[in-house]
Amino acid sequence: MKKVIIIGGGLAGLSAAAHLSKKNFKVILLEASPKLGGRAYSFFDEKPQTEIDNGQHILMGCYSDTLNFLKIIDAYKFLNIQKILEINYLAKDKNHFRLKAPNFIYPLNLLFALFSFKELNLKEKISLLKLFIKIYFTDSEKLYGMTVQEWLKKEKQSDKAIRIFWEIISIGALNTSTEKASAKIFCDILKEIFWRDKFSSQIIIPALPLSKTFCEPASDFIKSNDGEIRLSEKCIEFVVDKNRIEKVITDKNVYEDFDFVVSAVPFYALEKIIDTSFLDKQPEFHYSSILNIHLRIKENFLQEDFYAFYDSELHWLFNKRTHWNIVISNADKFMQMNNEEIFNLVFTELKKFIAISDDDILLYKIIKEKRATFIPDDFTLKHRPSTETKVKNLFIAGDWVDTKLPATIESAVRSGRIAAEKIVFNN
Ligand SMILES: Cc1cc2nc3c(=O)[nH]c(=O)nc-3n(C[C@H](O)[C@H](O)[C@H](O)COP(=O)(O)OP(=O)(O)OC[C@H]3O[C@@H](n4cnc5c(N)ncnc54)[C@H](O)[C@@H]3O)c2cc1C
């Protein structure tokens, strides 16, 4: 049985481990922290008195690698899958509205949904539909050099259409302002979401906390295939000789008996383990933050599973039934504020959207993720390294590797699957 050491127990590492276990490789996964999941995990917290996610994660029907991974580890059953694309918006002064695709022939159902969007006037709807259709035929490579904002303006999208539709997707998927994000990757994800099939645009929410959805089933699967997971073991160095890793040195062990190594740590962590000049491209990542505010409410009067805020610094509200989870993407400006300042700001804003008073909030918990995702600008996209490296027995995974996707669960899981396939091929 060939042996693979995997460094990093985030979703990229777990995906590589699951795929390799399935192909009868002996996997040893080393994770520096005492828990699996990396940037996607959950824990029990006293404040909302329930298990909460470090940050709400949503998946989409187009996340084919993630859905396949969840099937492999027998966790697909833990997903809440929308039957049809539907977004409920919270608007100021409680004028709420929704975007809902009817359940008839795809893609006519999507075009119909956009055309019946009451919030936009006829001219805005026609421009929106024109661009929506044009995306199908667009060669996204030609969009290099333009930001999302520049592209949308060039395509005559009104400010309102940008705020109500395009920005919700752009900030949600790219976690970056439309002024910074590359139009190229935005066009790519729009094709994935809307132009693949009917299922692709459906929003999927884990029904269980993240660690129960991803980490525990993955861990069970790996262990049941003779794999090992070693937590609280940090990789310190790869000793390379003649373009092969000869030793993996951790803070607890020195490993010499292995056939392949998968690095599934963020780029900034890999730089501490090895001189990264062996990668085929030299990346430079800048990161963007995400803020999650968990509120325990006296009486939960919201009906839907989630809402998008229209025209607000708040982006999403997820109704977890035991509590509400408010998400602010692209949240760098909040990172320097203290929790009380953040809460006051968020609560003042929330009151403009829903009828809620100070007495309704029992407890709150704020989680800041400073380096949540890398910023997908043109330079970064062109400098993402590939899975294979000059070091013959080392393969790279992680949401930052060149999967052509933004930093998402799907990118992480796909990168892990690709690393596993390369190992199977090179075996
Ligand atoms: C708050 C938040 C919300 C998000 N929302 C969404 C969403 O809605 N949808 C979506 O698709 N994506 C979302 N993402 C992005 C998604 O979580 C990430 O893209 C994905 O989890 C990255 O996985 P990864 O395995 O590549 O990296 P990581 O999760 O960073 O995993 C790397 C692992 O390596 C470990 N490690 C580091 N150094 C070492 C070392 N030297 N030795 C051993 N182990 C080491 C780390 O401890 C970590 O566990 C969100 C991210 C955040 C933070």
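**Exercise 1.** How many residue pairs are in polar contact across the interface of domain 1 and domain 3? Describe the character of this interface step by step.

*Solution.* The structure is a predicted model, and its chain is divided into domain 1 (3-44 + 209-285 + 384-426), domain 2 (97-201) and domain 3 (287-374). Begin with the polar count: between domain 1 and domain 3 the rule finds one residue pair in polar contact, with both residues at pLDDT 80 or more. Turn next to the salt bridges, of which the count between these two domains is zero. Finally, sort the residues on the side of domain 1 that touches domain 3, which gives eight nonpolar, no polar and three charged.

**Exercise 2.** Work out what area is buried between domain 1 and domain 3, and which three residues of domain 1 supply the most of its share.

*Solution.* The C-alpha centres of the two domains lie 32 Å apart, and 11 residues of domain 1 are in contact with eight residues of domain 3. The area buried between them is about 850 Å², and carbon and sulfur atoms give 66% of it. Of the area that domain 1 buries against domain 3, Arg39, Tyr268 and Phe285 supply 60%, which is more than any other three residues.

**Exercise 3.** Locate the residues that touch the most other members of the largest nonpolar core, and follow the contacts of Phe186.

*Solution.* This core holds 95 residues, and those touching the most other members are Tyr89, Trp151, Phe165, Trp166, Phe186 and Phe194. Leaving aside neighbours within four places in sequence, Phe186 is in contact with Val148, Trp151, Leu152, Trp166, Ile169, Ser170 and Leu174. Apart from this core lies another, of 27 residues, including Leu302, Leu314, Ala331 and Met337.

Terms used:
Residues numbered from 1 in each chain as written. Predicted model: local features only at pLDDT ≥ 70, side-chain atom pairs only at ≥ 80, totals over all residues. Heavy atoms only, no water. Core = buried A, V, L, I, M, F, W, Y, C linked by side-chain atoms within 4.5 Å. Buried < 20%, exposed > 50% of the residue type's maximum accessible area, 1.4 Å probe, protein only. Contact = heavy atoms within 4.5 Å. Domains from an automatic or database assignment. Buried area = accessible area lost by both parts, 1.4 Å probe. Salt bridge = Lys/Arg side-chain N within 4 Å of Asp/Glu carboxyl O. Polar contact = N/O pair within 3.5 Å; in protein donor to acceptor, adjacent residues only side chain to side chain. Nonpolar A, V, L, I, M, F, W, Y, C, P; charged D, E, K, R; others polar.
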